[in-house]
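Thanks, everyone; please bring up the sequence and the structure, and I will talk you through how the chain is organised.

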Amino acid sequence: MKIANIQSNVYRLPPSVPWEDATNKVDGLEFIIVEITTESGLVGTGLSYTVDIGGTVIRTLIDDYLANLIIGMNALHYEQIWQHLQRQSRRLGLGVNSMAIAAIDIAIWDLMGKHYNQPLYKLLGGARDRIPAYISEIDLRSNGTVEELLDRVDGYISQGYSTVKMKIGKDDFEEDIERITKVQQRLGKGGTLLVDLNQKWSAAEAIQKCARLDELHLGWIEEPLQYQDIQGHRQLKQAIRTPIALGESMYSKQQFLEYLRADAVDVVQADVAFVGGITEWLKIAHLAHAFGKPVAPHFMMELSLHLLCGVQNSYMLENVVGGSLTELGLLEVPIIVQHGVGIPSSIPGHGIVFDRSALAPHLLDASRLRSTFAGGSK
Ligand SMILES: [Mg+2]
């Protein structure tokens, strides 16, 4: 199954609802979409994404450097392809190259699913055919009220969710406590609340504040500290009982190994696009399994669904309000979470079929971006 051709495009569009957390305000999601065609005519679709910045860099890396490297390779030899791309691009460090490799690797796995006539989750191990999902909102606007938050939570409950993730990290910690307490009351006894700091606190601040959060029996505290601070996470983990979730800011299995060895993480949230695709994500999931830790991948709902149904140590699917490909209106075949449960597509491959006419208006215009890009970091 020789690779004959690879095509890529990058699209930029806003989330379908405004996104703002403790450290970022998001203007645009950028999706890098590749199509790999084999000599026999099979087509695999791959994708990667960035939040606000770098989509054109990733596309250029694929088009100008990586694409030619895989022409003529056997699409079934996913390890060989991954290693080849990783070795050739390693001098770029971590991040951009793993995000570019991800788009190619995901297309390769889609091709394998089509070749073997199996949905992706079965190729990955087929550990289950469904997975519980949580709803995840990105709404920490300074003018947002507690009443609006509770209305949204009512909506999530009526959609069938019992686990909700919300952003915290207000300058006034008492506001965080009030919002958490009221949402927990609204969720009731059977509900679980997760909170996400997006790396807002220092280690000392987190140890102090998490002592209060510990009393509230949250499902997890996500990214409390800067992602590089392994020692700080370890100290925090030793000081509290609430699980610590992280991983969306890491790009390789080696980084996860460091956290696992240091006993500085409870829930592993590797993002399939950021770590270099399915091939590397699987290794991270198995590594976490060896350390007795569950995986709850970040974002990429439609793909994460397959990953979670593939491996044994799965925890929960994240469905980010305003951010799934389905909710963005980009798919021909919607992939939805119903009554808080995700069921993967049974189409051979990953089943993500883009609607070309829906994508077309969002084709990234680099010259326009150059004069308007303002960034979203706070
Ligand atoms: Mg997060």
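The protein chain in this predicted model is divided into two parts, with domain 1 covering 3-117 together with 356-372, and domain 2 covering 121-342. If we take the centres of domain 1 and domain 2 over their C-alpha atoms, they are separated by 24 Å.

Let me turn to where these domains meet: 30 residues of domain 1 are in contact with 30 residues of domain 2. On the side of domain 1 that touches domain 2, at least two residues apiece are supplied by strand S2 (19-20), strand S5 (43-51), helix H2 (78-89), helix H3 (96-116) and helix H12 (356-359). Which of these gives the largest share of that side? That would be H3, from which 10 residues come. As for the chemical character of the side of domain 1 that touches domain 2, the residues there divide by class into 19 nonpolar, 7 polar and 4 charged.

Stepping back to the chain as a whole, there are 13 helices and 14 strands. The radius of gyration of the protein chain is 20 Å, which is close to the 21 Å that the globule rule gives for 378 residues, and so the chain is as compact as a globular protein of that length. Along the principal axes, its C-alpha atoms fill a box of roughly 60 × 45 × 40 Å.

Two last values concern the packing and the contacts. Of the 378 residues in the protein chain, 45% are buried, and, among contacts between residues at least 6 apart in sequence, 71% join residues that are at least 24 apart.

Conventions: Residues numbered from 1 in each chain as written. Predicted model: local features only at pLDDT ≥ 70, side-chain atom pairs only at ≥ 80, totals over all residues. Domains from an automatic or database assignment. Contact = placed C-beta atoms within 7 Å. Helix = DSSP H or I, 4+ residues; strand = E, 2+ residues; numbered from the N terminus. Nonpolar A, V, L, I, M, F, W, Y, C, P; charged D, E, K, R; others polar. Rg over C-alpha atoms; globule rule 2.2 N^0.38 Å. Buried ≥ 20, exposed ≤ 12 C-beta atoms within 10 Å, placed from the backbone.
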